[in-house]
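Me: Pick one part of this model and take me through it closely, please. I'd like one connected account rather than a list.

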Amino acid sequence: MKRLLAGVVMLLLPILCLNAGSTIVGAGSQSCTAWMNRNKNPVVKAAFESWVVGFVSGLNVGAEREIVGGGDFTAIVAWMDRRCKSNSLDQIGVAALDLAMELAGNAAKR
C-alpha cells in the first residue's frame with residue numbers, strides 16, 4: 001500500500017508543479033485547438049504526437065513503474081483527440097498530464 005501511495009504522489013507531483021506555474025515547452029505549450037488542427041501539416045502532426053508520447057513515456061520512466069500499459073500509440077492519440085475536442089483552450093501538456101494520470105490509475109488497478 002505504501003508503494004502505491006508513493007507512486008501516486010510521484011505522479012501527482014507534476015500536477016502540483018504545473019499548477020505552481022511550471023513552464024511547458026515545445027509542442028506541449030500549444031493549445032488543444034492546435035492539436036485538433038495538426039492534421040493540416042504532417043510535420044506539425046508528427047511533432048505534436050511525438051511530444052505527447054515522449055512526455056507520457058518520460059513520466060513512466062521517472063515514476064519507475066509501468067503506467068503506459070504497453071504504449072499503444074494509437075490509443076494515446078485517440079485519447080488526446082477526445083480530450084482536446086472537448087477542452088480546446090487547454091494546453092496540450094495539461095491534457096497529456098491528465099492522460100498520464102488516467103493511465104496511472106488504470107495501472108494501479110492491475
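What follows is a close look at helix α5 and its surroundings.

Reply: A word on the ground rules before we dig in. This is a predicted model, so local features need pLDDT of at least 70 and side-chain atom pairs count only at pLDDT 80 or more, while totals for chains, interfaces and linings use all residues. Residues are numbered from 1 along each chain as its sequence is written, and side-chain values use heavy atoms, with hydrogens and water left out.

First, the setting. The protein chain has five helices and zero strands; helices here are DSSP runs of H or I with at least four residues, strands are E runs of at least two, and both are numbered from the N terminus. Read from the N terminus, the order is simply α-α-α-α-α. Of the 110 residues, 31% are buried, where buried means under 20% relative accessible area, exposed means over 50% and partly exposed lies in between, using a 1.4 Å probe on protein chains only. Among contacts with a separation of 6 or more, 69% join residues 24 or more positions apart, a contact being heavy atoms within 4.5 Å.

Now to α5 itself. Two packed helices are described by the angle between their axes and the distance between the axes. The axes are lines fitted to C-alpha atoms, for helices over the stretch in contact, and the angles run from 0 to 180 degrees between N-to-C directions.

Take the α3 side to begin with. Helix α3 (residues 42-62) packs on α5 (residues 92-109) at about 45 degrees, the axes 10 Å apart. That makes α3 oblique to α5; under 35 degrees would count as roughly parallel, over 145 as roughly antiparallel, 65 to 115 as roughly perpendicular, and the rest is oblique. The crossing of α3 past α5 is right-handed, meaning that the near helix is turned clockwise from the far one by less than a right angle (anticlockwise would be left-handed). On the α3 face you'll find F48, W51, V52, F55, V56 and L59, and α5 answers with I92, G93, A96, L97, L99, A100 and L103. By class, this contact has 12 nonpolar residues, one polar and no charged; Ala, Val, Leu, Ile, Met, Phe, Trp, Tyr, Cys and Pro count as nonpolar, Asp, Glu, Lys and Arg as charged, and the others, Gly among them, as polar.

G93 is worth pausing on. This α5 residue has 2% relative accessibility, so G93 counts as buried. Leaving out residues up to four places away in sequence, G93 touches I24, G28, W51 and F55. With W51, 42 residues away along the chain, the C-alpha separation is 8.8 Å.

Next door in sequence is V94, whose C-alpha atom is 8.7 Å from that of S29, 65 residues away along the chain. S29 sits in the loop between α1 (2-19) and α2 and is partly exposed, at 28% relative accessible area. Beyond residues up to four places away, S29 touches I24 and Q91.

Now swing round to α4. Helices α4 and α5 pack at about 120 degrees, again with axes 10 Å apart. That angle makes α4 oblique to α5, and α4 passes α5 in a right-handed crossing. From α4 come I76, W79, M80, R83 and C84, set against I92, V94, A95, A96, D98, L99 and E102 of α5. The tally here is nine nonpolar, no polar and three charged.

C84 leads somewhere else too. C84 forms a disulfide with C32, the sulfur atoms 2.2 Å apart; a disulfide is a pair of cysteine sulfur atoms within 2.5 Å. The bond ties distant parts of the chain together, from C32 in α2 (residues 32-36) to C84 in α4 (residues 73-86), 52 residues apart. The S-S torsion is about -45 degrees, so this disulfide is left-handed. Both cysteines are buried, and a search of the whole structure finds one disulfide.

Finally, the two partners of α5 also meet each other. Helices α3 and α4 pack at about 105 degrees with their axes 10 Å apart, which makes α3 roughly perpendicular to α4. The residues involved are E49, V52 and V53 of α3 with F73, I76, V77 and M80 of α4: six nonpolar, no polar and one charged.
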